[in-house]
Structure formats: structure tokens, C-alpha cells
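I opened this entry to record what I looked up, going from one sheet and its helix to the ligand site and then to a second sheet.

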Amino acid sequence: MNAVEFHSVTKKRKDFTIENLNMTIPSGYVTGFIGPNGSGKTSTIQMMMDILQIDDGDIQLFGTSHKNHTIKQKIGFVYDDLYMYEEFTIVKMKKFIAPLYESWNEELFQKHFTRFELPLKKKINKFSKGMKMKTSLLFALSHEPEFIVMDEPTAGLDPIFRRELLDLLQELMVRENQTIFLSTHITTDLDRIADYIIFIYKGKIALQKSMEEINQNFHIIKGNKDLIDADTKGIFSGIQMNHVGFTGLFEGDLSIFEDYENELVIEKATLEDIMYYMTRKEN
Ligand SMILES: Nc1ncnc2c1ncn2[C@@H]1O[C@H](COP(=O)(O)OP(=O)(O)OP(=O)(O)O)[C@@H](O)[C@H]1O
């Protein structure tokens, strides 16, 4: 079962288009959403949350239209732009938000509030970026959502809380039915927690696979530049040449390199390698 399905979604912005976007977020797993700056991650999340209108296509959340407002009860949305509540303190924000959720859990709120060490009576517009992210996370978690959507949750967090957040997400995964979707630039965060990866580039899905498939099928191949000609270049998803050698991203069965074992260095590709080489392809 999928928590989210995008079917041929199109959105035209001034200088940017998301065209015919198809993607699925499976229930019960952590899906990492990666892509370089300006590739459409925030726009995609805003469309999913119905903050940004789609021009064409269809988005399904838990099998119903994303426009169905009752479905929002099941979703915890985490982002650092709390402009709606800038003038509020956490106490005031709770008075406003808690009654909106049938599943509000005050005990959980108090537990996370203590853990996150946030000021109760300071205005949110006086918070740092990281404190705003923690506040958003605090409110999102306190209504026990089935689905947590996070736009760059680790941005602005210090390394200690970043690690704690990742541990917290892992703890949440132990709970039944928990689905997490998070966008990030910090691909190493995903190595630890993601089950699936969706990679968006220039408004198009460049890759959508499980971490298991990625770990098995993507490798970095290094060798002498003499091995590269117009034909061999084509087997790589992206390649970088220098005056002596090449480094390329290869997707597939390594047996094609069997005869070159002594001439090549073959390593597992990281998510960062995949992002880097796949976006180099067109250069
Ligand atoms: N309000 C807006 N009006 C018009 N265009 C916008 C608006 N917000 C974003 N865009 C454009 O949409 C494109 C995608 O931006 P988006 O914020 O979705 O990317 P992103 O992948 O989240 O980027 P980043 O990693 O830098 O946060 C960019 O070209 C951006 O300039």
C-alpha cells in the first residue's frame, strides 16, 4: 500500500516546470527525497500538502484525493517556516493547534517538549532556525501522525540534535504504520535511516529505488583514461575525466568489467556520488 501517489503531476512556475511527475511513497518506510538546490523538492512537498495548487494530474494520499482535508489529521508536516505563528509563543501555539487534532497526545507533547529544550514563553519570531525546526517537529509528533513529512528537517540543526533527530526517527519507525518522507541535502543522513530514495533533478524524477537496490547496483569505477572511448563512455550514468584517468558512475551488473579487474578500482557508490554524477551527465 502506498501512503502517497503522484500521477502525471504538472506545475508551471515562472522559470521552472515540474512536468508529468510520477512518484510513490510506500507506507511503513522512510523515503528520502534528494536533489540539488532548486530541483523542486519544496514545490513537490507543497503540492502534496495542497499548499501549492497543481496544474494537472492527480495526487492521492492514503487512497483519497490530497484535497480531502480530513486526511491532514494523519499527517505531521515539519518545516522551518512557521510564519503563521511568528507572533505566538509555544503556549499560545498549542492552544491554537491542539484542538485541531483528534489524536492530540498531551503526554507526548510534554515528553518531546522537555527533550527538545525549547522556551515556553519566548515569541517564535525570536527563535533561531533550529529552534523553529524543533518547534515544528514538536507539534507534528504530538498528534501521533501516521505519516510524517519533513522539508529539510536537519537544516539549521546542530550536529548533536541532528543525530538525536535521526535516532528519534528510527525510534518512530519501530511504531507500527509509521511512514516518513524527508527531503534533505545531507545525503549521509539518509544512509542511516532511509529505506527508499527518490531523486529529483530539474523538476523530473531521476531515480526512484530502494536503498537495497541502490547499494547493490550502483558503483564508482575508476581507471585509466585510455579505456574510455565514445562506446565505453555510454555505459556510465555520469563520468568525470582528468588528464590521466576517469571516474564514472555505473548502474548494473559488474560482470561486464570481469576482463579488466586488474585495471579498475571498483567501489560502492554513495548517494552523494549518485547525485553528483547523474547531474554531471548533461555537462
Ligand atoms: N513562490 C515561487 N514562485 C515562483 N517560483 C518559485 C517559487 N518558489 C520556488 N520557485 C522556483 O521553483 C524552483 C524549485 O524550487 P524548490 O524550492 O521547489 O526547490 P528545492 O529543490 O526545494 O530547492 P532547495 O534545495 O534549494 O531548497 C526554483 O527554480 C525556484 O526558483
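I began with helix H1, which in this predicted model lies across E1, E2 and strand E4 (56-61), and I noted that H1 runs at about 115 degrees to E1. I then looked up the sheet itself, and found four strands in the order E2-E1-E4-E5, forming an open sheet with antiparallel pairing. I marked strand E2 (16-26) and strand E5 (64-65) as the edge strands, since each of them pairs on one side only.

For the pair E1 and E2, I read eight bridges, in the antiparallel sense, with strand E1 covering residues 2-13. To fix the register, I took Glu 5 as a reference point and found that the bridge partner of Glu 5 in E2 is Thr 24.

Next I turned to the ligand, and asked which helix gives the largest share of the shell around the ligand. I found that helix H1 (residues 41-48) does, with three residues. The residues around the ligand include Lys 41, Thr 42 and Ser 43, and among the others I listed Arg 13, Phe 16, Glu 152 and His 185. Sorted by class, the shell has seven polar, three charged and two nonpolar residues.

I then went through the polar contacts one by one, keeping backbone and side chain apart. For Gly 38, I noted a polar backbone atom at 2.8 Å from an oxygen atom of the ligand. For Thr 42, a backbone N or O atom lies 2.8 Å from a ligand oxygen atom, while for Ser 43 the N or O atom belongs to the side chain and is 2.5 Å from an oxygen atom of the ligand. As for cover, I recorded that the ligand on its own has 640 Å² of accessible area, of which the protein covers 59%.

My last search was for the second sheet, where four strands stand in the order E12-E13-E11-E14, again as an open sheet with antiparallel pairing. Strand E12 (238-241) and strand E14 (265-268) are at the edges with a single partner strand each, so one side of each has no neighbour in the sheet. From one strand to the next, I read an average twist of 15 degrees.

Strand E11 (residues 218-224) and E14 run antiparallel and are joined by four bridges, and in E14 I found Lys 268 as the bridge partner of His 219. Finally, I noted that helix H9 (residues 271-280) packs on this sheet, where H9 touches E11, E12, strand E13 (245-251) and E14, and that the direction of H9 makes about 85 degrees with that of E12.

Note on methods:
Residues are numbered from 1 along each chain as its sequence is written. This is a predicted model: local features need pLDDT of at least 70, side-chain atom pairs count only at pLDDT 80 or more; totals for chains, interfaces and linings use all residues. Side-chain values use heavy atoms; hydrogens and water are left out. A residue is near a molecule or strand if one of its heavy atoms lies within 4 Å of it. A polar contact is a pair of N or O atoms within 3.5 Å; within protein, one must be able to donate a hydrogen and the other to accept it, and residues adjacent in sequence count only if both atoms are side-chain atoms. Accessible areas come from the Shrake-Rupley method with a 1.4 Å probe; for residues, only the protein chains shown count as cover. Helices (H or I, at least four residues) and strands (E, at least two) are DSSP runs, numbered from the N terminus. Ala, Val, Leu, Ile, Met, Phe, Trp, Tyr, Cys and Pro count as nonpolar, Asp, Glu, Lys and Arg as charged, and the others, Gly among them, as polar. Two strands pair if DSSP finds at least two bridges between them. Contact means heavy atoms within 4.5 Å. Axes are lines fitted to C-alpha atoms, for helices over the stretch in contact, and angles run from 0 to 180 degrees between N-to-C directions.
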